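Reader: I should like to go through this structure and ask, for each label applied to it, on what grounds the label rests.

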Amino acid sequence: MERAAGAGLEAGPAFFAGTVCVLFGALLLVWTVARMRRGEPVVAEGSPVVAALLTVTFGAFFLAGGLWLLLNL
């Protein structure tokens, strides 16, 4: 795969963004699982099933997006 001219300039911000997304997604998933195992609500008010589904979905989305960024540097 050939890199475009100046591709090295984007490597730093892409690495930072990928790392932040991976950490945020992983920690969101860990936090959600920990709350669910203890029987605590994921959100203060609302449906526990919908809240858990949304947090797991967004956690997986951020984790996958961050990995994609890091693997495509």
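Reader: In which helix is the place of T55?

Author: In this predicted model, T55 belongs to helix α2, which covers residues 48–71.

Reader: Why is T55 counted as buried or exposed?

Author: The relative accessibility of T55 is 15%. Buried means under 20%, therefore T55 counts as buried.

Reader: What is T55 in contact with, leaving aside its neighbours within four places in sequence?

Author: With that exclusion, T55 is in contact with L28, L29, T32 and V42. One of these, T32, is found in helix α1.

Reader: How do you know whether T32 is buried or exposed?

Author: T32 has a relative accessible area of 0%. The cut-off for buried is under 20%, so T32 is buried. Apart from neighbours within four places in sequence, T32 is in contact with V42, A52, T55 and V56. V42 thus appears in the contacts of T55 and in those of T32.

Reader: What makes R38 count as buried or exposed?

Author: R38 lies in helix α1, which comprises residues 7–38. Its relative accessibility is 60%. Exposed means over 50%, so R38 counts as exposed. As for its distance from V20, the two are 18 residues apart in sequence, and their C-alpha atoms are 27 Å apart in space.

Reader: How many helices and strands are there in the protein?

Author: The protein contains two helices and zero strands.

Reader: Why is the protein called more spread out than a compact globule?

Author: The globule rule gives 11 Å for 73 residues, whereas the radius of gyration of the protein is 16 Å. The value is well over that of the rule, and therefore the protein is described as more spread out than a compact globule. Along the principal axes, the C-alpha atoms fill a box of roughly 50 × 20 × 15 Å.

Reader: What share of the residues count as buried, and what supplies the area that the protein exposes?

Author: Of the 73 residues, 16% count as buried. The protein exposes about 5600 Å², and carbon and sulfur atoms supply 74% of that area.

Reader: What share of the contacts with a separation of 6 or more comes from residues 24 or more positions apart?

Author: Such residues account for 75% of those contacts.

Reader: How many positive and negative side chains are there, and where do the centres of the two sets lie?

Author: There are 4 positive and 4 negative side chains, and the centres of the two sets lie 13 Å apart.

Methods
Residues numbered from 1 in each chain as written. Predicted model: local features only at pLDDT ≥ 70, side-chain atom pairs only at ≥ 80, totals over all residues. Heavy atoms only, no water. Helix = DSSP H or I, 4+ residues; strand = E, 2+ residues; numbered from the N terminus. Buried < 20%, exposed > 50% of the residue type's maximum accessible area, 1.4 Å probe, protein only. Contact = heavy atoms within 4.5 Å. Rg over C-alpha atoms; globule rule 2.2 N^0.38 Å. Areas by Shrake-Rupley, 256 points an atom, 1.4 Å probe, with all protein chains shown as cover. Lys, Arg positive; Asp, Glu negative; His and termini not counted. Charge placed at Lys NZ, Arg CZ, Asp CG, Glu CD.
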